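Hello,

Please find the structure we spoke about below. My notes on its interior follow.

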Amino acid sequence: MLREEVAISTRPLQWKCVESRADSKRLNYARFILFPLMRGQGDTIGIAMRRSLLGEIEGTCITRAKSEKIPHEYSTIAGLEESVHEILMNLKEIILRSNLYGTRNASICVKGPGYVTAQDIISPPSVEMVDTTQHIASLTEPIDFCIELQVERHRGYRMKTPAKDGSFFPIEAVFMPVRNANHSIHSYGNGNEKQEILFLEIWTNGSLTPKEALNEASRNLIDLFIPFLHAEEQDIHLEDNQNRVTVPFLTYHDRLHKLKKNTKESALKGIFIDQLELPSRVYNCLKRSNLYTLWELMNKSQEDLLKIEHFRIEDVKNILDILQKHFSMDLPKNTFSLLNPLE
């Protein structure tokens, strides 16, 4: 009996999807289990995962609309069944799938009479409508309905703020692709040998599957904890109301001295790209290509980097400038094929 219990407690963690379904184009559901866990670990993982699922995953929304013929948000237009406010609310509900960075422009230009749906949105190739049947407006007369849109990828929730120049109408955005997430725990075993199974339920809006959401939430949690494993701490002073407080601060620069003396593999593997002060778009491109450390980055050629989606020649130059600026070192010959790719 003792041997069996020891064998159970030392088994590697396993996970699997035990249920998955698509209730509609805009509602996907799945249930996952993770086991075997020691007592108390289920809540530790479940609470962190739920918060990451709901708050850390990026989504894409329509955030602004503009039309020269619309004076204000609460106006009504002849030939339109809905008010402008109702149309903006319909645009808020449009579900988009994309891998874009920053903002992109889109538009709608339809001649009535007829219905305007998500299928009528003219968007960049990187943006896809999850449900093309989503309703936007009803045109009751032969009028031209043309509107410019702004599409953005972000995370969390953003309330609309009035435009200073009145040139566009802001739309409050719910960037969260995970609509709900729950966790529960099943305990088994006796006494001190109790084990746990963690159940995770995930509902998404169709812009990504629950499994994709689970993978992204896990990567985001790993990224948050990496600095505690690989960065040294440095004391800095923050002044607040004339009270000086000493706080341990994790910084990329405390690795510089070591790297100047030693550029061996072991040192380069200890520096992660989130410490390189890269622009957020460049950092996200590298992370999505599973490049996490400076060692992995420096072993990629220029051609390898330019194969990354949305990666540009200017980004390669930017990386080179940052490395040379901070490290004042000669890069290995296999790092990039050109020291100045713009020449």
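**Cavities and cores**

The lining of the largest cavity is made up of five nonpolar, no polar and three charged residues. Please keep in mind that this is a predicted model.

That cavity has a volume of about 50 Å³, and the residues lining the largest cavity are Asp-223, Ile-226, Phe-272, Ile-273, Asp-274, Tyr-283, Lys-287 and Tyr-292. Helices α4 and α7 (280–288) each supply at least two residues of this lining.

Asp-223 sits in helix α4 (residues 210–230). Its relative accessible area is 12%, so Asp-223 counts as buried, the limit being under 20%. Leaving out residues up to four places away in sequence, Asp-223 touches Asp-274, Tyr-283, Lys-287 and Tyr-292.

In total there are two cavities of 30 Å³ or more. The second largest holds about 40 Å³ of space. Its lining has eight nonpolar, no polar and no charged residues. Helix α3 gives the most to this lining, with three residues; among the lining residues of the second largest cavity are Ala-65, Phe-145 and Phe-169.

As for the cores, the largest nonpolar one has 29 residues, and Ile-62, Leu-91, Ile-108, Ile-121, Ile-136, Phe-145 and Leu-149 have the most contacts inside it. Elements that each supply at least two residues of this core include β3 (58–66), α3 (84–92) and β9 (144–155). A second, separate core of 21 residues includes Tyr-101, Leu-286, Met-298 and Ile-319.

Ile-136 has contacts beyond its neighbours within four places in sequence, among them Ile-87, Leu-91, Ile-108 and Ile-121.

Regards

Key
Residues are numbered from 1 along each chain as its sequence is written. This is a predicted model: local features need pLDDT of at least 70, side-chain atom pairs count only at pLDDT 80 or more; totals for chains, interfaces and linings use all residues. Side-chain values use heavy atoms; hydrogens and water are left out. A nonpolar core is a set of buried Ala, Val, Leu, Ile, Met, Phe, Trp, Tyr and Cys residues joined through side-chain atoms within 4.5 Å. Buried means under 20% relative accessible area, exposed over 50%, partly exposed in between (1.4 Å probe, protein chains only). Helices (H or I, at least four residues) and strands (E, at least two) are DSSP runs, numbered from the N terminus. Contact means heavy atoms within 4.5 Å. On a 1 Å grid over the protein atoms alone, a cavity is a set of points where a 1.4 Å probe fits but cannot get out, and a pocket is an open set with protein on both sides within 12 Å along at least five of seven lines; lining residues have an atom within 4 Å of a point. Grid points are joined across faces, edges and corners, and a volume is the space filled by probe spheres set on the points. Ala, Val, Leu, Ile, Met, Phe, Trp, Tyr, Cys and Pro count as nonpolar, Asp, Glu, Lys and Arg as charged, and the others, Gly among them, as polar.
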